[in-house]
Amino acid sequence: MSPATIHIAPSILSADFAHLADEIASVEAAGADLLHVDVMDGHFVPNLTIGPPIVESLRKVTALPLDVHLMVTNPDTCIPDFAQAGANYLTVHTETCPHLHRTIQCIKELGVKAGVTLNPSTSLSALEEVVADVDLVLIMSVNPGFGGQAFIPACLDKIRRARQLIDRTGSHALLEVDGGIKVENAGDVLKAGADVLVAGSAIFRSPNYADTIAAFRTVARELQPR
């Protein structure tokens, strides 16, 4: 593992929405690799956040890839709108997609990278038949719906098994982890096999975004064989 291969994805759910463009400029200057955008419908998860117009606005103010996480009951109905708005990744939940392969193909046909997300209680078996087709696998390490939650330690084993599945099948998918990620537990998550760390409050509630992102990279560097 190289620190250069670790991707840091600040989650704008924890940003100051009154100054969102400034917040994005700050994390971009601080060394973020992509922006994680949580879309919640108030139905699949108990919160309501943003829609395609905000993603379109984000696209105008940053060159960073937009990692759009659709926590919605009927993702197929809104995928074209988010693709047109400028999403680089569209990630759907296995729990909301009865025809998951079709949904993945729809995303890719729109020229967007496709991701699949699993909640903490969802078995990896839901991923096995499509892992070769996706660009991103997102393991939730909290129950989705709110920022600032504590990492669920039992998810570490699931991250390890997801890494093994990706490697065993020859999938090119990045392995992303979202929920309660902090500098203090990043080492365990990276050792388990994560490629992308989503961090919301750990970055946006820190006094210095650049220092925090650098600290994540230092953790990755310290895991290198000597």
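Colleague: In this predicted model, how do the axes of helix H6 (residues 155-169) and helix H7 (residues 183-192) lie, and what makes you call the two helices roughly parallel?

Modeller: The axes of H6 and H7 come within 8 Å and cross at roughly 30 degrees. Angles under 35 degrees count as roughly parallel, and H6 and H7 are therefore described as roughly parallel to each other.

Colleague: Which residues make the contact between H6 and H7, and how do they divide by class?

Modeller: On the side of H6 the contact is made by Leu 156, Ile 159, Arg 160 and Arg 163, while H7 contributes Asp 188, Val 189 and Ala 192. By class, the residues of this contact of H6 with H7 comprise four nonpolar, no polar and three charged.

Colleague: Why are helix H1 and helix H2 called oblique to each other?

Modeller: The axes of H1 (residues 20-29) and H2 (residues 52-61) come within 10 Å and cross at roughly 50 degrees. Roughly parallel needs an angle under 35 degrees, and roughly perpendicular one of 65 to 115; the crossing of H1 and H2 fits neither range, and the two helices are therefore oblique.

Colleague: What is the hand of that crossing, and which residues of H1 and H2 meet there?

Modeller: H1 passes H2 in a right-handed crossing. Leu 20, Ala 21, Ile 24 and Glu 28 of H1 make the contact with Ile 54, Leu 58 and Val 61 of H2, and these residues divide into six nonpolar, no polar and one charged.

Colleague: How do you know that H7 also meets helix H9, and what are the classes of the residues in that contact?

Modeller: In H7, Val 183, Ala 186, Gly 187 and Leu 190 meet Thr 212, Ala 215, Phe 216, Val 219 and Ala 220 in H9; contact means heavy atoms within 4.5 Å. The residues of this contact divide into seven nonpolar, two polar and no charged. The axes of H7 and H9 (residues 209-222) come within 9 Å and cross at roughly 35 degrees, and the crossing is right-handed.

Colleague: How many cavities of 30 Å³ or more does a search of the whole structure find, and what lines the largest cavity?

Modeller: The search finds one cavity of 30 Å³ or more, and the largest cavity has a volume of about 230 Å³. Of the 24 residues that line the largest cavity, Phe 146, Gly 147, Gly 148, Asp 178 and Gly 179 are the closest to its centre. Strand E2 (35-40), strand E8 (196-199) and helix H8 (201-204) are the elements that give two or more residues to the lining, which by class has 11 nonpolar, 10 polar and three charged residues.

Note on methods. Residues are numbered from 1 along each chain as its sequence is written. This is a predicted model: local features need pLDDT of at least 70, side-chain atom pairs count only at pLDDT 80 or more; totals for chains, interfaces and linings use all residues. Side-chain values use heavy atoms; hydrogens and water are left out. On a 1 Å grid over the protein atoms alone, a cavity is a set of points where a 1.4 Å probe fits but cannot get out, and a pocket is an open set with protein on both sides within 12 Å along at least five of seven lines; lining residues have an atom within 4 Å of a point. Grid points are joined across faces, edges and corners, and a volume is the space filled by probe spheres set on the points. Helices (H or I, at least four residues) and strands (E, at least two) are DSSP runs, numbered from the N terminus. Ala, Val, Leu, Ile, Met, Phe, Trp, Tyr, Cys and Pro count as nonpolar, Asp, Glu, Lys and Arg as charged, and the others, Gly among them, as polar. Axes are lines fitted to C-alpha atoms, for helices over the stretch in contact, and angles run from 0 to 180 degrees between N-to-C directions. Angles under 35 degrees count as roughly parallel, over 145 as roughly antiparallel, 65 to 115 as roughly perpendicular and the rest as oblique. A crossing is left-handed if the near helix is turned anticlockwise from the far one by less than a right angle, and right-handed if clockwise.
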